[in-house]
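Thank you all for coming. I would like to walk you through one model this morning, beginning with how two of its helices pack and then widening the view to the rest of the chain.

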Amino acid sequence: MLRDITLGQYYQADSVIHKLDPRAKLVATIAFIISLFVVNNALGYLVAAIFLAVVIKLSKVPFRFIVKGMKTIVFLLLITVVFNLFLTPGEALVSVWKITITKEGLRTAVLMAVRLIFLIIGSSVMTLTTTPNNLTDGMEKLMRPLKIFKVPVHEVAMMMSIALRFIPVLLEETDKIMKAQIARGADFESGNLIKKAKSLVPLLVPLFISAFRRANDLAMAMEARCYRGGEHRTKMKPLKYKRCDGIAYLVLGCYLALCIGIRVIV
């Protein structure tokens with residue numbers, strides 16, 4: 001299960017999406033997430049699905065590799081569907097004892113499940129096609145206006161990038177510790193919920209110690225290299241918009257206009 005988490009990983013490929021400016025990809029991801037909350041009918045979600053399918057095709061990232069990350073949110077997806085299915089009032093479709101499934105609840109559950117799936121896949125495409133360094137530079141550039149309000153933009157972008165970068169590292173470390181504990185006789189599968197929670201203690205303690213050790217090593221390495229934040233620092237490869245980025249913004253604008261139009265008309 002741990003190996004199925006794709007968040008924070010970078011998939012190397014020679015594609016149009018990989019060559020886009022990270023700012024364009026960040027804006028596109030935010031706009032796509034907004035569009036999922038704008039549309040509220042089947043036609044709108046069909047347009048979003050076509051847009052997402054085209055982006056995945058252009059990214060050259062295998063769809064199976066992207067879908068692998070969905071296994072980790074199955075529980076959250078089930079909770080979302082169940083709550084919307086049984087707790088939404090409306091016209092009753094099926095009623096058994098005190099459990100009632102309504103027409104409105106079924107519609108809401110389906111739309112929420114699709115929305116959550118699209119949101120995860122869309123965010124994964126961005127992280128899979130953007131290196132952590134480019135992601136940091138893109139976030140810093142986009143958040144630059146916040147410097148007027150004394151927001152430490154570079155530090156915030158750096159923290160987010162480091163957190164994203166260390167997700168695969170911590171997952172690998174968790175897998176190693178789990179295998180070592182299983183070899184020593186630990187059991188993470190059997191028992192009730194309380195027993196399973198107690199069995200995680202031998203896993204969490206060394207994992208936290210390892211995470212703090214890595215954080216300390218990273219801080220010492222940055223200090224040894226005289227790292228002093230973003231002020232007066234230059235970029236070896238400064239970000240510059242290209243023609244393909246302009247085309248991407250144009251396509252994104254048309255997509256958002258179409259979503260808004262569907263919401264208003266339908």
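Let me start with a pair of helices, helix 2 and helix 6, which are roughly antiparallel to each other, and let me say at once that what you are looking at is a predicted model. Helix 2 covers residues 22–38 and helix 6 covers residues 103–128, and their axes come within 10 Å while crossing at roughly 175°; since anything over 145 degrees counts as roughly antiparallel, that is the description I use for helix 2 and helix 6. On the helix 2 side the contact is made by Lys-25, Leu-26, Thr-29, Phe-32, Ile-33, Leu-36 and Phe-37, and on the helix 6 side by Arg-115, Phe-118, Leu-119, Gly-122, Ser-123 and Met-126. If we sort the residues of this contact by class, we find eight nonpolar, three polar and two charged.

Now the wider setting. The chain has 11 helices and two strands, and, read from the N terminus, the order of elements is α-α-α-α-α-β-β-α-α-α-α-α-α. Taken along the principal axes, the C-alpha atoms fill a box of roughly 65 × 60 × 40 Å. Of the 266 residues in the chain, 33% are buried, and if we take the contacts between residues at least 6 apart in sequence, 74% of them join residues at least 24 apart.

Helix 2 and helix 6 come up again when we turn to helix 7, which spans residues 132–142 and whose buried residues are Leu-135, Thr-136, Asp-137, Gly-138, Met-139 and Glu-140. What covers these buried residues of helix 7 includes helix 2, helix 6 and helix 8.

One residue of helix 2 that I would like you to find on the screen is Arg-23. Is Arg-23 buried or exposed? Its relative accessibility is 10%, and because the limit for buried is under 20%, Arg-23 counts as buried. Leaving aside residues up to four places away in sequence, Arg-23 touches Gly-138, Lys-141, Leu-142, Leu-239, Lys-240, Tyr-241 and Tyr-249. Gly-138 has just appeared among the buried residues of helix 7.

Arg-23 also brings us to the charged pairs. Side chains of opposite charge can pair when their charged atoms come close. How many salt bridges does the chain have? The count comes to five, and I will go through some of them. In one of them the side chains of Arg-23 and Asp-21 meet, at 2.9 Å from N to O, and Asp-21, like its partner, counts as buried, with a relative accessibility of 4%. Another salt bridge joins the side chains of Lys-19 and Asp-14, at 3.3 Å from N to O. Here Lys-19 is exposed, with a relative accessible area of 54%, and Asp-14 also counts as exposed, at 54% relative accessibility.

A further salt bridge is formed by the side chains of Glu-172 and Lys-176, with an N to O distance of 3.7 Å. These two sit in helix 8, residues 153–183, and because Glu-172 and Lys-176 are four residues apart there, about one helical turn separates them. Residues three or four places apart in an α-helix point the same way, because the helix has 3.6 residues a turn. As for exposure, Glu-172 counts as partly exposed at 48% relative accessibility, whereas Lys-176, at 51%, counts as exposed.

What about the cysteines? The count of disulfides comes to zero. Cys-244 is in no disulfide, and the nearest cysteine sulfur, that of Cys-254, lies 17 Å away; at 27% relative accessibility, Cys-244 counts as partly exposed. Cys-259 is likewise in no disulfide, its nearest cysteine sulfur being that of Cys-254, 11 Å away, and Cys-259 is buried, with a relative accessible area of 1%.

Finally, a point about distance along the chain and distance in space. Ala-257 is found in helix 11, residues 243–265, and it counts as partly exposed, at 48% relative accessibility. Ala-257 and Ser-35 are 222 residues apart in sequence, yet their C-alpha atoms are 9.6 Å apart in space. I will stop there and take questions.

How values were computed
Residues numbered from 1 in each chain as written. Predicted model: local features only at pLDDT ≥ 70, side-chain atom pairs only at ≥ 80, totals over all residues. Heavy atoms only, no water. Axes fitted to C-alpha atoms, helices over the stretch in contact; angles between N-to-C directions. Parallel < 35°, antiparallel > 145°, perpendicular 65-115°, else oblique. Contact = heavy atoms within 4.5 Å. Nonpolar A, V, L, I, M, F, W, Y, C, P; charged D, E, K, R; others polar. Disulfide = S-S within 2.5 Å. Buried < 20%, exposed > 50% of the residue type's maximum accessible area, 1.4 Å probe, protein only.
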